[in-house]
2 protein chains.
Amino acid sequence: MTESELIERYFRRGGGERDDVVLGIGDDAALLRVPPECELVLTTDALVEGRHFLEGASPRSLGHRALAVNLSDIAAMGAAPAWALLSLNLPAADDDWLQEFSQAFGALAREQGVALVGGNLTRGPLSITVQLAGLVPAGGALRRDGAQPGDLLYVSGTPGDAALGLALQQAAAGSGGAATYAEADLAWLRARHEFPTARVALGQALRGLASACIDVSDGLYTDARRLLQASGCGATIDVERLPSSPALRRVAGAEGWRNVLAGGEDYELCFTVPRALATKLESAAAALIQPLACIGELTAGEDITVCSSGVVIGFSSEGFDHFRD
Amino acid sequence: MTESELIERYFRRGGGERDDVVLGIGDDAALLRVPPECELVLTTDALVEGRHFLEGASPRSLGHRALAVNLSDIAAMGAAPAWALLSLNLPAADDDWLQEFSQAFGALAREQGVALVGGNLTRGPLSITVQLAGLVPAGGALRRDGAQPGDLLYVSGTPGDAALGLALQQAAAGSGGAATYAEADLAWLRARHEFPTARVALGQALRGLASACIDVSDGLYTDARRLLQASGCGATIDVERLPSSPALRRVAGAEGWRNVLAGGEDYELCFTVPRALATKLESAAAALIQPLACIGELTAGEDITVCSSGVVIGFSSEGFDHFRD
């Protein structure tokens, strides 16, 4: 099959339908209508074999994650996702792979109202780059730099699961599978890595409530530190208030809070809220049925202090970086 | 160096400055203002090692081409380029490579008024994906599907040079360099491959004049056929009217017109103009000092007929396709 035939078969009708798409796949570029009261939000993120996933990774997971990691960036801005471009480098035109990949990508796109409006297919080592455009009311976007000392620090969901799921999967593959954990716990943790949930509705609900927001891709501690640096604040984080899944607690035990802080690839939102808006936030989260945890508060200065039962304890994390040796 | 440090050193101040960038590199996504009278134009194109360039390709050429191939898509829509995202998969953080790549990318971005507003760096087999957003007055974009029988068929510049330059470079590398052509001709042809010129000003000048437009990336014949198919027309093309560079004529000889039609990676514009607007077009092209050639005219039906001195001659081209075996 040619590139055009592959696009026709797997991608042309894959995404959501939107009436602001003047021209989608099939010309030199897509034409889109941006409402005059909105700002445009643009992001891109890539999944590269050997870095973000191992050879043989499930195409369903890759199709989902490639879009989810971009949805998460749009969510962290408080924006609504709208239009995606997909650049796929494929070693070969494998029908089964493309079928599963495109179904998973398309299912998430339709769920989130995202139209797939362009992209390209090239033969090459497997890597997937998605560009996602979103819309946000002008002046209403969440940024990293608006937090103040005294604000409360929150995180959604149960961070740490995804990284632990990946680590267990790699260990099982390496050792021939001598895992001693409950199958249901392993399945939960692995699913959090393979099928992360971008907190799109939460991000939009945080507009007017959160003073700053970031998505947790490289680990809660690392990404919280980025938000704090951009805002020129420090924070204290209480170990007892860190959220964790039952699976993580059973697998990681008493030191599981370290997994929660170090984590990575969680795609939860970490954000700050002025104390006066905390009650409004709790109502908004309840309406979304979205678990949130207040894990600490912001301080003057620039340090992050991790406390357990009021006692400062040591924690450091380098987070994930592709170019650190 | 970490990913953040690499971005800081090579890319943060790399592009043009624009006052419609609310928030550029450094948050979860970029925030941009789209004028209410404009539609948004989105495209993406990738350069993958082993497909679009050979190992050891000049980083200056790659930095230029990665942006130029996207500028060309924006040009083909008659739009003005505005904001770019850059996703770079790099085998290693090579300072010299990054310096040259980012300088070439930045120089073209500044020349074209394009702000680099985001992207990502990942370790992996070398590939470069750029997403480019542009702006076009609502309803004014050039599309592939507006041509009519009787319209004149045009192409800009001298197609065929880039593909011939690449072929000669590959042949020289393979044979140890037994080229018998003039060095100046080889240099011209190679430069047309390594440093293509996207016809951005021409594309914008064609708004209101061209009935359809496409950029020539896979070869003039192949891309003209795409335009014709989208418009439901055929065409006759006169071999005598095909433009060619002196270098191509000297190197390729009497059959050089086949190189012009087959070509590939030219990044010229192929477009149609109603006969009544031809004079206006010639004035516009003269004002831009942009050589154009009228190479034929559109017909009812769906065939492309190639003629020399009024006699139909055989020509077919498959164009370039990554997935055809």
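**Exercise 1.** Which residues does Ser244(B) touch, not counting residues up to four places away in sequence?

*Solution.* The model is predicted. First, place the residue: Ser244(B) sits in the loop that runs between strand S9 (234–238) and helix H8 (246–252) of chain B. Next, list its contacts, leaving out residues up to four places away in sequence: Thr158(B), Arg249(B) and Val260(B).

**Exercise 2.** Classify Ser244(B) as buried or exposed.

*Solution.* Buried requires a relative accessible area under 20%. The value for Ser244(B) is 18%, so this residue counts as buried.

**Exercise 3.** Determine the geometry of the aromatic pair Tyr221(A) and Phe315(A), and state which parts of chain A the pair ties together.

*Solution.* Over all chains, the structure holds twelve aromatic pairs. For Tyr221(A) and Phe315(A), the ring centres are 5.0 Å apart and the planes stand at 65°, so the pair is edge-to-face. Tyr221(A) belongs to helix H7 (residues 220–231) and Phe315(A) to the segment after strand S13 (311–312), so parts 94 residues apart in sequence are tied together. As for burial, Tyr221(A) has 7% relative accessibility and counts as buried; Phe315(A), at 14%, also counts as buried.

**Exercise 4.** Repeat the analysis for Trp257(A) and Phe315(A).

*Solution.* The centre-to-centre distance is 5.9 Å and the angle between the planes is 50°, a tilted pair. Trp257(A) lies in helix H9 (residues 256–262) of chain A and Phe315(A) in the segment after S13, so this pair links parts 58 residues apart in sequence. Both Trp257(A) and Phe315(A) are buried.

**Exercise 5.** Name the residues that form one aromatic cluster with Phe11(A).

*Solution.* The cluster consists of Phe11(A), Trp97(A), Phe101(A) and Phe105(A).

Key
Residues numbered from 1 in each chain as written. Chains lettered and ligands numbered in written order. Predicted model: local features only at pLDDT ≥ 70, side-chain atom pairs only at ≥ 80, totals over all residues. Heavy atoms only, no water. Helix = DSSP H or I, 4+ residues; strand = E, 2+ residues; numbered from the N terminus. Buried < 20%, exposed > 50% of the residue type's maximum accessible area, 1.4 Å probe, protein only. Contact = heavy atoms within 4.5 Å. Phe/Tyr/Trp six-rings, centres within 6.5 Å; stacked < 30°, edge-to-face > 60°.
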